[in-house]
Amino acid sequence: MRRLTASSRHRPILGRRRFLQGSAAVVAGLAATNCRQNLAGPGGGGGGSDALHIYTWANYTDDGLAAAFTERTGIPVVVDIFDSNEIMLTRIQAGGGDAYSIIYPSDYMVSEMIELNLLTELDQSRITGLENLKAQWANPAYDPNNRHSVPFNWGTTGLLYNRDVIPTAPTDWNFLWENQTALSRRITLLDDMRETLGASLKSLGYSYNSNNPAEIEAAYNHLLELQPHIAAFKTTGFENELLGGDLSVSMAYSSDAIELTLEDDRIEYVIPASGSSLWTDTLAIPTTAPNVDAAYQWINFLLEPEVASAAVERLYFATANQAAFELLPNEIRENPDLYPAEEILANSEGIVAVDATSTDLFDQFWTEVTSA
């Protein structure tokens with residue numbers, strides 16, 4: 001597997017969902033800039049009514065990006081961060097939509113928020129650069145024709161493992177079940193209902209987005225079989241244990257996994273052969289958003305190829321912008337963890353909203369398996 005060179009380790013990489021670790025560092029780094037990033041909820045960031053208030057994952061906006069936007073437009077930027085779509089949704093439903101001009105929901109959450117009438121239908125005549133999107137994001141299933149959202153970045157979910165602990169590389173989700181005794185209590189799975197039950201569905205040959213009650217129950221029972229051997233369901237906090245050899249394998253988002261593969265050559269990331277989730281995070285405007293003009297300016301700013309490629313080089317996420325991708329150095333474009341080959345992605349699928357009955361089943365089974 002090709003690695004980035006040591007010279008590419010130009011900064012500590014903070015993952016897509018590294019809420020606590022990432023935000024503390026960013027707050028310190030932004031203290032003297034126009035971009036204020038807050039751990040607090042809506043309204044806690046100040047910035048005035050003319051500011052652009054953003055609600056996003058950690059590490060998607062830094063001081064350089066915010067300062068460039070402010071220099072261009074004169075609009076100060078205030079950033080609040082979240083660590084799950086569900087937390088973001090809860091905050092928006094509790095009135096946070098009045099506080100944020102721009103939010104970053106993931107694919108399936110875009111669909112749910114459209115159904116709840118929480119997202120503005122975008123005036124695409126006010127957006128420039130949509131033609132720069134990669135072809136697969138021109139008409140995504142979660143938001144046909146990008147009517148309510150603009151794809152920002154994407155990634156996969158797979159298995160992160162320590163070669164010193166597991167000499168035989170896993171190639172698929174079934175590795176966990178086939179080696180459950182040897183791996184017992186040395187496995188972590190994501191604390192993410194759709195991802196983890198989805199991986200169980202995928203390992204049985206079903207879709208992440210199944211609406212078949214029998215398939216969803218089979219995935220639950222399959223996961224229940226593995227549950228006694230799982231050390232924890234956690235999205236972060238497994239890294240040191242994996243590096244130290246106390247854990248053998250962890251389910252991880254690609255954006256978080258890359259940090260460890262660059263930090264230690266013993267750590268490898270694999271996209272399961274039967275398929276992975278192919279997640280997308282987007283830019284969207286709440287229906288009750290303040291300062292909508294600034295929101296459109298932010299979207300247009302991020303769609304500029306030069307702006308997007310510079311952000312990728314600093315923040316190191318996989319861009320959905322083809323024109324920006326073409327400006328990236330080869331060492332980033334050719335990193336297989338960040339930009340997997342098409343044949344590896346062939347079996348992967350985006351997570352989309354399931355029907356209400358299936359949502360209830362997912363919720364019920366997830367509660368049961370994580371509390372067992």
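Which residue's backbone nitrogen lies 2.9 Å from a polar atom of the side chain of Asp 107? In this predicted model, the answer is Thr 280. Let's start from that spot and work outward.

Asp 107 belongs to helix H4, which covers residues 107-115. With a relative accessible area of 3%, Asp 107 counts as buried, because the cut-off for that label is under 20%. Leaving aside residues up to four places away in sequence, Asp 107 touches Tyr 142, Leu 278, Trp 279, Thr 280 and Ile 351. Ala 141 is 34 residues from Asp 107 along the chain, and the C-alpha atoms of the two are separated by 8.6 Å.

Now to the nonpolar interior. The largest nonpolar core holds 111 residues, and Ile 102, Tyr 104, Leu 176 and Trp 298 are those with the most contacts inside it. Helix H10 (residues 292-303) gives the most to this core, contributing eight residues. If you pick out Tyr 104 in the viewer, you can look for the residues it touches beyond four places away in sequence, including Tyr 55, Trp 57, Phe 82, Phe 152, Trp 298 and Leu 302.

Finally, have a look at a pair of helices. The axes of H2 (residues 63-73) and H11 (residues 305-315) come within 10 Å of each other and cross at roughly 155°. Angles over 145 degrees count as roughly antiparallel, so H2 is roughly antiparallel to H11. On the H2 side, the contact is made by Gly 64, Leu 65 and Arg 72, while H11 supplies Val 307, Ala 311 and Arg 314. Sorted by character, the residues of this contact are three nonpolar, one polar and two charged.

Definitions and conventions: Residues are numbered from 1 along each chain as its sequence is written. This is a predicted model: local features need pLDDT of at least 70, side-chain atom pairs count only at pLDDT 80 or more; totals for chains, interfaces and linings use all residues. Side-chain values use heavy atoms; hydrogens and water are left out. Helices (H or I, at least four residues) and strands (E, at least two) are DSSP runs, numbered from the N terminus. Buried means under 20% relative accessible area, exposed over 50%, partly exposed in between (1.4 Å probe, protein chains only). Contact means heavy atoms within 4.5 Å. A polar contact is a pair of N or O atoms within 3.5 Å; within protein, one must be able to donate a hydrogen and the other to accept it, and residues adjacent in sequence count only if both atoms are side-chain atoms. Axes are lines fitted to C-alpha atoms, for helices over the stretch in contact, and angles run from 0 to 180 degrees between N-to-C directions. Angles under 35 degrees count as roughly parallel, over 145 as roughly antiparallel, 65 to 115 as roughly perpendicular and the rest as oblique. Ala, Val, Leu, Ile, Met, Phe, Trp, Tyr, Cys and Pro count as nonpolar, Asp, Glu, Lys and Arg as charged, and the others, Gly among them, as polar. A nonpolar core is a set of buried Ala, Val, Leu, Ile, Met, Phe, Trp, Tyr and Cys residues joined through side-chain atoms within 4.5 Å.
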